[in-house]
Each structure stands twice: as structure tokens, then as C-alpha cells.
Amino acid sequence: MTLEELREYLQGDSRTLRELQERAKSRRAEGDPELEEIRRERQLLKLQNEKDMEELMKVLAAKRHRELRSRVEKEKIAAGLQALDKDEFSDIAKEKKMELERLEAEREGIRRREESLMSDIQKLSQRVNPTPPKKSTESVISHQELIKRRELEFAKEKAVEIAEIKSVLY
């Protein structure tokens, strides 16, 4: 029952009560024998109104109690979820930190292996290709001349091939 319905109910009862009071006054003035009956009805109506009020107060108190209990339960659940989320995030953060440490250790191991392999490759290449003795400037010049001759011969061969292709095409 809403407050508006309660107000209308009580106002309706108060109107009835006023009507009974007016009837009682008029009967008193007349000296009507039903006066006692009207008084009893009025008292009964008054008692009924008080009982109705008490019942409504009990209903409202029970409703308020349920709402408070519901609110407390919701707050407990929310606090529990926050604690759970906090613990879960903490666990996830620990897992990520451990994973990061593992990856860093793995990267360091790979770097060491790479350095070791590069050192081994360098040693092997020195065994296979020992450092050539220093050449004199004359041998370097003759080597450069040799390269130039080969490039010139290669260019001449290509020119001849191009000339042959042109003669075939034209």
C-alpha cells in the first residue's frame, strides 16, 4: 500500500467519523435512543482505525527491514567481488612478472649462445682462411690490373653479343 492510498483511506475514515459525530450531535439534540449505538460505532471505528494504522506500521517496518537487509547483502557481495578482483589482479600481476623474468633470462641465454657461436665462427674462419701475408704494393697493383683486364674482356664479349643480336633482328 502506498502512502497516497493510506492517506486516502484515512481521509475516508475520518469523513465517516465526522458524519457519525454529526449524526450523534443531531440525535443528542433530539434525544434519540440510538445515541448509544452511534457512540459504540464511533468507538469501534476509532479502534478499527488504530488497528489499521498499527498493521500498516508493521507492514512498513517489515518492508524497511527487508530493504535494509537487501542493501547490506548487496554491499557484502560488492565488497567480496572487489576483494576477489583485487586478489585476481594481484595473481595475474605476479604471473606476468614471473613470465617477464623468465623471458629476460631466456633472452640473456640466447645472447650468450649467439656470442659463443659468433666466437666459434670467427675461430673457424681463421683456421680455414688464415690471414694472407701482406702483399707488396706491386702485387696489389698487378691484381688491380688483372681485374680491370677481365672487366674489359667481359665488356667486349657483351658488346659482340649485342651486335650479333642487332644483326639478327635487323
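A salt bridge here is a side-chain nitrogen of Lys or Arg within 4 Å of a carboxyl oxygen of Asp or Glu. By that rule, K158 pairs up with E161, their closest N and O atoms being 3.7 Å apart. The model is a predicted one, so local features need pLDDT of at least 70 and side-chain atom pairs count only at pLDDT 80 or more, while totals for chains, interfaces and linings use all residues. Residues are numbered from 1 along each chain as its sequence is written, and side-chain values use heavy atoms, with hydrogens and water left out.

As for the overall picture, the protein chain has three helices and zero strands. Helices (H or I, at least four residues) and strands (E, at least two) are DSSP runs, numbered from the N terminus. Read from that end, the elements simply go α-α-α. Of the 170 residues in the protein chain, 7% are buried, where buried means under 20% relative accessible area, exposed means over 50%, and partly exposed covers what lies in between (1.4 Å probe, protein chains only). The accessible surface of the protein chain adds up to about 16,000 Å², and 56% of that belongs to carbon and sulfur atoms. Such areas come from the Shrake-Rupley method with a 1.4 Å probe, and for residues only the protein chains shown count as cover.

Now for the charged pairs. Side chains of opposite charge can pair when their charged atoms come close. Across the whole structure, a search turns up seven salt bridges. The K158 and E161 pair sits in helix α3 (residues 137-169), with the partners three residues apart, or about one turn of the helix. K158 counts as partly exposed because its relative accessibility is 37%, and E161, at 40%, is partly exposed too.

Helix α2 has a little cluster of its own: E108, R111, R112 and E115 are linked in a network of salt bridges. Within it, E115 bonds with R111, the closest N and O atoms being 2.5 Å apart. These two are four residues apart in helix α2, so about one helical turn separates them. E115 is partly exposed at 46% relative accessible area, and R111 is partly exposed as well, at 36%. R112 forms a salt bridge with E108, and here the closest N and O atoms are 3.6 Å apart. Both residues lie in helix α2, again four residues apart and about one turn of the helix. R112 has a relative accessible area of 52%, so R112 counts as exposed, whereas E108, at 26%, is partly exposed.

Then there are the surface patches, made of residues with over 30% relative accessible area and no salt bridge, with like charges joined within 9 Å and nonpolar side chains (Val, Leu, Ile, Met, Phe, Trp, Tyr) within 5 Å. One patch is negative and takes in D85, D87, E88, D91 and E95. For charges, Lys and Arg count as positive and Asp and Glu as negative, with His and the chain ends not counted; the place of a charge is taken as NZ of Lys, CZ of Arg, CG of Asp or CD of Glu. D91 is found in helix α2 (residues 35-128), and its 43% relative accessibility makes D91 partly exposed.

A nonpolar surface patch also turns up, formed by I77, L81 and L84, which together have about 300 Å² of accessible area. I77 has its place in helix α2 and, at 55% relative accessibility, counts as exposed.
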